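User: I am new to this structure. Please explain the terms used for it.

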Amino acid sequence: VTARLRAQDGRLVGQGRAQVALAPGEGRVVTLPPVELRRPRLWSPARPHLYVIETEVRSSGRACDRVDTPFGVRTVRWPAAGDADGRLLLNGEPFFINGVSDYEHLLGGSHAFSAAQVRARVRQIEAAGFNAFRDAHHPHNLRFQEHWDRDGLLWWPQFGAHIWFDSDAFRRHFKGLLRDWVRERRNSPSLVLWGLQNESQLPAEFAEEC
């Protein structure tokens, strides 16, 4: 297993490797040695710099699987309630949000957007001058995430919470889906806030636990 860390221009800036022997059908989580990213270029709306990790699995000298994971490096500080400095700080600098909440549907049409439809919606939002996007009110097509990362818009994804069944099975299933949702999005530098859907039916204590 090899992970190559590349800058936006394709330069190799780090690499990790591990050799693992697996029996047929065996699965295993492989942890590679940490790779230090020295003096990283920070991601920001003005300069949305992206890195990529190329993870490759080879067997008997032949590549049998590969996945590329884009990511960015930035810091985000949301003020706490009552904080004297109520500004959002991005990489230590105040940032004024001018955002839009957008439903992923077309009136009388489908919720399953094509790549061209996602791109057209993104271009409309950017042309209107918005610099932040909120999923309304359920997880959107991950193509939206790719645009926000590349184009430099802040992103507030939301997880649907409009249904509630008071049972242990529902709670377990809901939290399992929530973990999958986070794993799909956690490397996105545009993501600055996680949200459960407004008008939620979840009891307050369970929402806080989530």
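The turns below cover a sheet and a pair of helices.

Analyst: This is a predicted model, where local features need pLDDT of at least 70, side-chain atom pairs count only at pLDDT 80 or more, and totals for chains, interfaces and linings use all residues. Residues are numbered from 1 along each chain as its sequence is written, and side-chain values use heavy atoms, without hydrogens and water.

User: How do you know that β8 pairs with β9?

Analyst: Pairing takes at least two DSSP bridges between two strands. Strands are DSSP runs of E, at least two residues long, numbered from the N terminus. Five bridges join β8 to β9 (residues 132-136), and the two run parallel. So β8 and β9 count as paired. In one of the bridges, G99 has A132 of β9 as its partner.

User: What makes β8 and β10 edge strands?

Analyst: The open sheet has the order β8-β9-β10. β8 (99-103) and β10 (154-156) each have a single partner strand, so one side of each lacks a neighbour in the sheet.

User: Why is α1 called oblique to α2?

Analyst: The axes of α1 (residues 115-127) and α2 (residues 142-151) cross at roughly 40 degrees and come within 10 Å. Angles under 35 degrees count as roughly parallel, over 145 as roughly antiparallel, 65 to 115 as roughly perpendicular, and the rest as oblique. That crossing angle therefore makes α1 oblique to α2.

User: Which residues of α2 make the contact?

Analyst: Contact means heavy atoms within 4.5 Å. On α2, R143, F144, H147, W148 and D151 make the contact with α1.

Conventions. Helix = DSSP H or I, 4+ residues; strand = E, 2+ residues; numbered from the N terminus. Axes fitted to C-alpha atoms, helices over the stretch in contact; angles between N-to-C directions.
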